[in-house]
Amino acid sequence: MPFARLNRATTPTSHIGLGLAAVGRPGYITPHRDRDLPGDRGADALRDRTHELLDAAYAQGVRYFDAARSYGRAEEFLAEWLTARPEAADVVVGSKWGYTYTADWRVDAETHEVKDHGLATFERQHAETAGLLGDRLDLYQIHSVTADSPALTDKALHARLAELAAGGTTVGFSTSGPAQADAVRAALAVTVDGEPLFRTVQATYNALETSAGPALAEAHDAGLTVIVKEALANGRLAGTEAPAVVREVGAEAGLDGDAVALALGLHQPWAGVVLSGAATVTQLAANLHAPLLDLDPDRLDRLAALVEEPEAYWRHRASLPWS
């Protein structure tokens, strides 16, 4: 398991990862992107921003970087950075397949990505990922699995994923939607030749959406590494957008609310990595203070009051505009 490398790391930020969804393409579903990104969102400008973030993250102890085929040119930007930074041989690199980026570098595109978990899409996208990341790819995940996804029942796909795993690439999956727990438990039951297929799970968990927690604990107990995504709820728990209690808990410790949101993920005993989706170095620095925060029972109780019903949370997320 490539994540064993993180267990040998000694920096408190080694279990925070950097996700590249917000900087690999000009459009995404977080607020204030006009403030966070350069005025020019051309490929060169976002390449420079991505490399700036990767440099800052690595210098501060971050050792997991997360991309996807649908994150525009994120894999390309990451591959270029890895080539230019041979000293970064200790990082763990993950990507995902299952969504195709279709926005053609436009923020106002009608459709930004198209989902397909079929074998043909895997073969095409794995070839594309391998062409960019080569043997630096440690983890390849199915992107946004739901309990009814054909990826959980396609035996031919399972055989190919098992072949990939036998070649040294860890195979995992991410989840989305109000029934994340069902998807996690269904994926845990997938085996090839009697052996579990998936070794990691990436799921949304934050102060507003905690419903997957028990299933993620089961996944951890089954030996999977759990990666927490959307810890800041696509910006709803960050900066001035954060609820008052998040900002208050942060202020008590002299930290931004961003750190509080990530600290809640790090506090979970089943969490192996918690992703920052920072789009600026300033945001990243705030995120990386998360390990300093002591979430005592009183603070946890106050944050627990923010939890929403999963259906309401995911309805709100689906309504967020691409900007």
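Visitor: What makes β11 and β12 count as paired strands?

Guide: In this predicted model, three bridges join β11 to β12, and these strands run parallel. Pairing requires at least two bridges, so with three bridges β11 and β12 are called paired. One of the residues involved is Val228, whose bridge partner in β12 is Val274.

Visitor: How do you know that β1 pairs with β12, and which residue of β12 is the bridge partner of Ile16?

Guide: Strand β1, residues 16-19, is joined to strand β12, residues 271-276, by three bridges in the parallel sense, and since at least two are needed, the pairing is established. The partner of Ile16 in β12 is Val274, the residue that is also the bridge partner of Val228.

Visitor: What makes β1 and β2 a pair, and which residue of β2 stands opposite Gly17?

Guide: Between β1 and β2 there are three bridges, again in the parallel sense, and the requirement of at least two is therefore met. Opposite Gly17 stands Tyr64 of β2.

Visitor: Why are both faces of β1 described as covered?

Guide: In a regular strand the side chains alternate between the two faces of the sheet. In β1, Ile16 and Leu18 are on one side, Gly17 and Gly19 are on the other, and all of them are buried.

Visitor: Why is Tyr64 called buried, and where does Tyr64 lie?

Guide: Tyr64 lies in strand β2, residues 64-66. Its relative accessible area is 0%, and because buried means under 20%, Tyr64 is called buried.

Visitor: How do you know that the side chains of Tyr64 and Asp66 are in polar contact?

Guide: The contact that joins these side chains has a length of 2.7 Å, and the limit for such a pair of N or O atoms is 3.5 Å, so the contact between Tyr64 and Asp66 falls within the limit.

Visitor: Why is the pair of Tyr58 and Trp81 called edge-to-face?

Guide: A pair of aromatic rings is described by the distance of the centres and the angle of the planes. For Tyr58 and Trp81 the centres are 6.0 Å apart and the planes are at 65°. The centres must lie within 6.5 Å and the planes must be over 60 degrees apart, so both conditions hold for this pair. The pair links distant parts of the chain, with Tyr58 in helix α3, residues 43-59, and Trp81 in helix α4, residues 74-84, 23 residues apart. Tyr58 and Trp81 also belong to a cluster that ring pairs form with Phe65.

Visitor: Are Tyr58 and Trp81 classed as buried or exposed, and why?

Guide: Tyr58 has a relative accessibility of 16% and Trp81 has 2%; because the limit for buried is under 20%, Tyr58 counts as buried, and Trp81 counts as buried too.

Visitor: What makes Tyr313 and Trp314 an edge-to-face pair?

Guide: Their ring centres are 5.3 Å apart and their planes are at 80°, which means that the centres lie within 6.5 Å and the angle is over 60 degrees. Tyr313 is buried, and so is Trp314.

Visitor: What joins the side chain of Asn206 to that of Tyr313, and why is Asn206 called buried?

Guide: A polar contact of 3.0 Å joins these side chains, and this value is within the limit of 3.5 Å. Asn206 is found in the loop between β10, residues 200-204, and α8, residues 213-221. With a relative accessible area of 1%, against a limit of under 20%, Asn206 is therefore buried. A polar atom of the Asn206 side chain also lies 2.9 Å from the backbone nitrogen of Glu209.

Visitor: What makes the phi values of Ser144 and Ala233 worth pointing out?

Guide: Most residues other than glycine have a negative phi. Ser144, which is not a glycine, has a positive phi of about 60°, and Ala233 has a positive phi near 55°. Ser144 lies in strand β6, residues 139-145, whereas Ala233 is found in the loop between β11 and α9, residues 244-252. With relative accessibility of 6% for Ser144 and 1% for Ala233, each value is under 20%, so Ser144 and Ala233 are buried.

Note on methods. Residues are numbered from 1 along each chain as its sequence is written. This is a predicted model: local features need pLDDT of at least 70, side-chain atom pairs count only at pLDDT 80 or more; totals for chains, interfaces and linings use all residues. Side-chain values use heavy atoms; hydrogens and water are left out. Helices (H or I, at least four residues) and strands (E, at least two) are DSSP runs, numbered from the N terminus. Buried means under 20% relative accessible area, exposed over 50%, partly exposed in between (1.4 Å probe, protein chains only). A polar contact is a pair of N or O atoms within 3.5 Å; within protein, one must be able to donate a hydrogen and the other to accept it, and residues adjacent in sequence count only if both atoms are side-chain atoms. Rings of Phe, Tyr and Trp (its six-membered ring) pair if their centres lie within 6.5 Å; planes under 30 degrees apart count as stacked, over 60 as edge-to-face and the rest as tilted.
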